[in-house]
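Here is a short report on the fold, surface and core of one protein chain. The structure comes first.

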Amino acid sequence: MKKTAADLEQIRKETLKNVELRTGKDGYKIIVGMATCGIAAGARDVFKEAIEKVIEKDLDSVTVGQMGCIGLCSMEPIVEVISPSGEKTRYIKVNKEKIDNIITSHIIDGNVVSEYTSES
Amino acid sequence: MREIALHILDIFYNSLQADSSLIKISIAVDTKKDLMEIKIIDNGKGMKKEFVNNVLDPFTTTRSTRNVGLGLSLFKASTNRCEGDLTIWSKEKVGTIVKAWYKYSHIDRQPLGNMRDTVYIMILTLGENNLIYSIKKDDESFVLDTRKIREEMGDGSPLTSPEIMGEIKMLLEEEEKKINIS
């Protein structure tokens, strides 16, 4: 099958999207605590939900990553959201529903969900 | 941990943190021997001999070694409840082998749990490293090798791209239907 210029442009866009999903430059970072304590508290399902929401909502520049134990095991699953300017928000006792709200309200609309943070 | 899959995920992160470039995970059930065996083999930096001797004891783990403290102890405890055990072999600059086994029919054994999501997340956090995941029950077996997937793609695109992850998910779902391990 011959590729037209439009096809090539489409492929280029797809590829750029994939590269950005991996490197996540200029975007938000969602970091899930995946040490023993995090995993025992349900971090696997939170991580999966985060990835699926990011793909579903086409949030190209968002990176989802994992981190180790930060010493707050009783607060797990912990999710840290790092804004493009480097500001860090720590969410505690996160579940599937909370991560959905965090993505919609914090990542998409830019409003920190303060009732889920460690300060509240 | 509620599922054996979660123990496996936890030990996988030990391997990843030990700078492994290839991690092999195998789950094998032999119903005749009534045995379930799990192996996690990596080619990471390994551990010193005195460290390996203490690694299963949560109380001798020091702060600098806390990466491998409670995770392995919990895993071992879960096998010991089910007439099984956990052993570790490790050599510096060579790698580490963690082997755990359970009496398959033991009433206290946790379910294997959701390996589909577990492997999916492992692949998402692999980066440039590779995973060989194999699961076997008597004569039925399934192997997923990320090196082969990368080879088939041939264009160096990351495993984390949505299309490839979709394919991997489908593969894992099919496998789950075929091999039924409780």
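Read from the N terminus, chain B follows the order α-β-β-α-α-β-β-α-β-β-α-α. That gives 6 helices and 6 strands; helices (H or I, at least four residues) and strands (E, at least two) are DSSP runs, numbered from the N terminus.

This is a predicted model: local features need pLDDT of at least 70, side-chain atom pairs count only at pLDDT 80 or more, and totals for chains, interfaces and linings use all residues. Residues are numbered from 1 along each chain as its sequence is written, chains are lettered from A and ligands numbered from 1 in the order in which they are written, and side-chain values use heavy atoms, without hydrogens and water.

| Property of chain B | Value |
|---|---|
| Box of C-alpha atoms along the principal axes | roughly 45 × 40 × 25 Å |
| Exposed area (Shrake-Rupley, 1.4 Å probe) | about 9,300 Å² |
| Distance between mean positions of positive and negative charges | 6 Å |

The radius of gyration of chain B is 16 Å, in agreement with the value near 16 Å for a compact globule of 182 residues. It is taken over C-alpha atoms, and the globule rule is 2.2 Å times the number of residues to the power 0.38.

Buried residues (under 20% relative accessible area, 1.4 Å probe, protein chains only) make up 49% of the chain B residues. Carbon and sulfur atoms supply 49% of the exposed area.

The largest nonpolar core has 74 residues. Such a core joins buried Ala, Val, Leu, Ile, Met, Phe, Trp, Tyr and Cys residues through side-chain atoms within 4.5 Å. Ile8(B), Phe12(B), Ile27(B), Leu131(B) and Tyr133(B) touch the most other members. Helix α1 (residues 4–17) of chain B supplies the largest share of this core, 9 residues.

Terms used: Buried means under 20% relative accessible area, exposed over 50%, partly exposed in between (1.4 Å probe, protein chains only). Lys and Arg count as positive and Asp and Glu as negative; His and the chain ends are not counted. The place of a charge is taken as NZ of Lys, CZ of Arg, CG of Asp or CD of Glu.
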